[in-house]
Amino acid sequence: MRSWPPGEVSANAREKVGEAATCFAPRVATPDPRATWQRALVAVWSLVLAVLLLGPALGPGYVLSYDMVWVRDLAVRADVLGLGSGLPRAVPSDAWVAVLDEVVPGMLLQKLVLLVVLLGGALGIDRVLTGLGVVSRLAGVTLWCWNPFVVERLVLGHWPVLLGYAALPWVLLGATRWRATGRAPWWLPLPVLLGSLSVSAGLATSLVLLSGLVLGPGERRLWARGALLASAAQAPWLVSGLLHVRDAVSDPAAARLFALSGEGPLPGPLAALTLGGVWNAEVVPVSRTGPAALVALLALVPLLVLGIRRARRHTVVIAVPWAPLVLLWAVGWLLAVLTWAAPGPVGLLAGVVPGGGVLRDGSRLLVLCVPLLVALVAVAVDGAWRWTRDRWSTPARVSLAVVAVLWPVTVLPDAAWGAGGRLAAVDYPVSYADARAALGAGAGDVLVLPLSSYRQPDWNDGHKVLDPLGRVLRPVPVASDELVVDDVVIEGEDQRVQRVRDALELSTPQARADALGSLGVGAVTTDLTAPGPAPDVTGETLLDDGRLLVVRLDEVDETTSPTSWQVAMGLAWAAHLAVLLAAVVGGVRCARQRLRRNLSG
């Protein structure tokens, strides 16, 4: 068998080697024969952490918490496709839910997504930490799953952000493989797609992908192809955002309210270092408001110092370069602290630059900080474990392993069991199904009253949630997009909602009905248990059971989006689905190559 001298390998041979390298999941060869059971142990521990974190959320029913609103069957309609009158805040995530819940019931789909968020990300960071010992990998997985960022975003209901969080280590691994071999692994489009289901998650995914392609050893001219992949994956919200660009500026006053916040004894920058600092004090675990937050900082800082020293002085084997991890941490932490230190300029930016409001939620940017923190902590634990090998007794080393693995849990104990029961699953009252059946598809859109964004229904144990009624119904909902934080009203961007408000201020029910009908509203539904004004309108009463009132208007001028918008969004969805198709085709090709090798071997 001929061995090629350096520099004489044919282009065809290099191409075949590159194809073989991209056909399999990311793995780093290790001489340790125990690698299989160690990986299995990490997977089992990741599942245990996920179950402990979610707890009652995995029971029968729906988890309804702030922005997390799931229903049995979300309709595929204009707003979920990016053709609604408001900004594409839930594009393309809602479209995927609407399609998938035709196959998997919404209740089960939600639980699968929550498990994927935790388990998928844990398995990904374990692959990043390949080369370290099993104790350090277990410690890294615990910190990845059990930290304030994850818990607070779970309670806030930001599941697309957490799905991007779960995809982040896989994107890093794929970008590293792409740069090293010059060919993207077939599976890379999948985590890029999963990490692009919302605006903020998509921007973080893009930064992760490009940092992995630009920094580190290997091919240096891949950033353009990486940018193309990221743009295609995020095309639905990108194009829809451009179509709504005139409404894409935000209330400058909101920046101060959404800025990075201190937690307990920790000011904003130190809270950010421990992955906390969310703007909404209602979702902060109680343990983060007391001495436990300081204990978490005191436990984390020495580990980070030790991890940095060991990473600089020794050859530490992890599956991705350190440079992109450092860059991501710097960008995430600095931008988060900027919202804390200078909310005024951030607000001005959001009020002038379309889409600038994405930067105002400071703690959400901390998603970029987690990979480096976890890697450094794992490296520190690995160094301590190796140092004690011949110095400590076995019981002492076991105690060290237990402390290293469990300390994130001990400083955040109230994250367990669905954030102390706050993520309990509930059932919708029968009134919601009756309203959906009574209204049907209908003509025109449906106005949801009272015009307030959030509810605290008794059937949801009084937990605050974005009004679920509009998602239960089939027509496109017209609902308030204002937000009240600390008694401060943050103005919405949807101009159609403001015109609806003006129509509701008319003097008679018939005048209101006529004005609403001219705006394309064909029905009005009212949650009779929610506080707030709900003016009467003239029309046919379809349901009135003391909880919900559904009235169909007599005349409605149906409105449709411009043809140019439909064409633009059609092309955007085609690009988005092409990313999925590329992964499917690549997976089939690699499976065929593996089958041929097995048959020939």
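Strand β10, residues 540-544, pairs with β11 in the antiparallel sense, over 4 bridges. I should say at once that this is a predicted model. Two of the residue pairs can be named. Glutamate 540 has arginine 552 of β11 as its bridge partner, and aspartate 544 has leucine 549. Together, β10 and β11 make a hairpin, with 3 residues between the two strands. One residue to look at in the turn is glycine 546, whose phi is positive, about 90°.

Now the other neighbour of β11. Strand β9 covers residues 521-527, and it pairs with β11 over 5 bridges, again in the antiparallel sense. Here aspartate 527 stands opposite leucine 548 of β11.

How many of the residues of β11 are buried? The strand runs from 548 to 552, and 4 of its 5 residues are buried, so β11 is largely enclosed by the rest of the structure. Buried, for our purposes, means under 20% relative accessible area.

Let me step back to the whole sheet. It is an open sheet of 5 strands, in the order β6-β3-β9-β11-β10, and the pairing is mixed. Which strands are at the edges? They are β6, residues 477-478, and β10, and each of them pairs on one side only. At the β6 end, strand β3, residues 445-449, pairs with β6 in the parallel sense over 2 bridges. Leucine 447 is the residue that stands opposite valine 478 of β6.

Two helices pack on this sheet. Helix α20, residues 430-439, touches β3, β9, β10 and β11, and its direction makes about 5° with that of β11. Helix α22, residues 495-504, touches β3, β6 and β9. The direction of α22 makes about 65° with that of β3.

Next, a pair of helices. Two packed helices are described by the angle between their axes and the distance between the axes. For helix α10, residues 223-233, and helix α24, residues 563-600, the axes come within 7 Å and cross at roughly 115°. On the α10 side the contact is made by Leu229, Ala232 and Ala233, and on the α24 side by Ala575, His576 and Val579. Sorted by type, the residues of this contact are 5 nonpolar and 1 polar, with no charged ones.

On to the empty space inside. Rolling a probe the size of a water molecule over the atoms shows where empty space is left. The count here is 2 cavities of 30 Å³ or more. The largest holds about 150 Å³ of space. It is lined by 16 residues, and those closest to its centre are Leu143, Pro148, Thr274, Ala296 and Trp407. Which helices supply at least two residues of that lining? They are α14, residues 291-313, and α18, residues 394-410. The largest share, 4 residues, comes from α14. By type, the lining of the largest cavity has 13 nonpolar residues, 2 polar and 1 charged.

The second largest cavity has a volume of about 40 Å³. Its lining consists of Phe149, Glu152, Arg153, Leu275, Gly276, Val278, Ser363 and Leu366. That lining divides into 4 nonpolar, 2 polar and 2 charged residues.

I will finish with two single residues. The first is serine 211, which sits in helix α9, residues 199-214. Is serine 211 buried or exposed? Its relative accessible area is 4%, so serine 211 counts as buried. Leaving aside residues up to four places away in sequence, serine 211 touches Pro324, Leu327 and Leu328.

The second is aspartate 390, in the loop between α17, residues 370-387, and α18. That is the α18 we met in the lining of the largest cavity. Why does aspartate 390 count as exposed? Because its relative accessibility is 75%, and the cut-off for exposed is over 50%. As for distance, the C-alpha atoms of aspartate 390 and leucine 49 are separated by 31 Å, and these two residues are 341 residues apart along the chain.

Note on methods: Residues are numbered from 1 along each chain as its sequence is written. This is a predicted model: local features need pLDDT of at least 70, side-chain atom pairs count only at pLDDT 80 or more; totals for chains, interfaces and linings use all residues. Side-chain values use heavy atoms; hydrogens and water are left out. On a 1 Å grid over the protein atoms alone, a cavity is a set of points where a 1.4 Å probe fits but cannot get out, and a pocket is an open set with protein on both sides within 12 Å along at least five of seven lines; lining residues have an atom within 4 Å of a point. Grid points are joined across faces, edges and corners, and a volume is the space filled by probe spheres set on the points. Ala, Val, Leu, Ile, Met, Phe, Trp, Tyr, Cys and Pro count as nonpolar, Asp, Glu, Lys and Arg as charged, and the others, Gly among them, as polar. Buried means under 20% relative accessible area, exposed over 50%, partly exposed in between (1.4 Å probe, protein chains only). Two strands pair if DSSP finds at least two bridges between them. Axes are lines fitted to C-alpha atoms, for helices over the stretch in contact, and angles run from 0 to 180 degrees between N-to-C directions. Contact means heavy atoms within 4.5 Å.
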